[in-house]
Amino acid sequence: MNVFLWILQGLLAAMFLMAGVTKSTQPREKVAEKLPWAEDYSAGTVRFIGIVELLAAVGLILPAAFGILPFLTPLAATGLAVVMVLAMNVHRRRNEAGAIAFNAAILVVAVVVAWGRFGPYAF
């Protein structure tokens, strides 16, 4: 189970690292070409979301890997679960069912990591 959780953490971290870099370094207009919801938010908000995603990606791996403040790993997963709930609400308002399903799948993975790392498979 520990290896399974590490795989999930790695997948989440890779995905949110890419998403976070895109949102935090690209102009909002360029982000909106691929992610239409970005049109509804200011450039600062989109950049903030990207930075949060970057921090979560780092938090999923580094604290546990180095054994320094490893409780940050399940907190990062919990934070991503919250981000996914908020994203699902945005997509609900925009009537984007496919995006809601994608966010729900990521939510499940984040919750599994948080459960495992807070609970029986903590560091």
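What radius of gyration does the protein have, and what would a compact globule with 123 residues have? In this predicted model, the protein has a radius of gyration of 15 Å, and this agrees with the value near 14 Å for a compact globule of 123 residues. Along its principal axes, the C-alpha trace spans about 40 × 25 × 15 Å. The secondary structure consists of five helices and zero strands, and read from the N terminus the elements follow the order α-α-α-α-α. Of the contacts with a separation of 6 or more, 62% join residues 24 or more positions apart.

The surface and the interior can be taken in turn. The accessible surface comes to about 6,900 Å², and carbon and sulfur atoms account for 73% of that area. Buried residues make up 34% of the 123 residues. In soluble globular proteins, nonpolar side chains tend to be buried together. Here, the largest nonpolar core has 19 residues, and those with the most contacts inside it are Leu12, Phe16, Leu60, Leu80, Met84 and Val113. At least two residues of this core come from each of helix 1 (2–25), helix 3 (43–66), helix 4 and helix 5 (97–118). Helix 4 supplies the largest share, seven residues. Another core lies apart from this one; it has six residues, among them Val31, Trp37, Val46 and Val90.

A look at Val113 shows how one member of the largest core is surrounded. Leaving aside residues up to four places away in sequence, Val113 touches Leu5, Leu8, Gln9, Leu12, Leu60 and Ala77. Two of these neighbours, Gln9 and Leu60, appear again around Thr73.

Thr73 is part of helix 4, which covers residues 72–93. Is this residue buried or exposed? Thr73 has 0% relative accessibility and therefore counts as buried. Its side chain reaches the backbone nitrogen of Ala64 at 3.5 Å. With residues up to four places away in sequence again set aside, the residues that Thr73 touches are Gln9, Gly59, Leu60, Pro63, Ala64, Arg117 and Phe123.

Aromatic rings complete the picture. The count of aromatic pairs comes to three. One of them joins Trp37 and Tyr41 in an edge-to-face arrangement, with 6.0 Å from centre to centre and 70° between the planes. Trp37, also a member of the six-residue core, counts as buried because its relative accessibility is 11%. Tyr41 has a relative accessible area of 23%, so this residue is partly exposed; the cut-off for buried is under 20%.

Definitions and conventions
Residues numbered from 1 in each chain as written. Predicted model: local features only at pLDDT ≥ 70, side-chain atom pairs only at ≥ 80, totals over all residues. Heavy atoms only, no water. Helix = DSSP H or I, 4+ residues; strand = E, 2+ residues; numbered from the N terminus. Buried < 20%, exposed > 50% of the residue type's maximum accessible area, 1.4 Å probe, protein only. Polar contact = N/O pair within 3.5 Å; in protein donor to acceptor, adjacent residues only side chain to side chain. Contact = heavy atoms within 4.5 Å. Phe/Tyr/Trp six-rings, centres within 6.5 Å; stacked < 30°, edge-to-face > 60°. Core = buried A, V, L, I, M, F, W, Y, C linked by side-chain atoms within 4.5 Å. Rg over C-alpha atoms; globule rule 2.2 N^0.38 Å. Areas by Shrake-Rupley, 256 points an atom, 1.4 Å probe, with all protein chains shown as cover.
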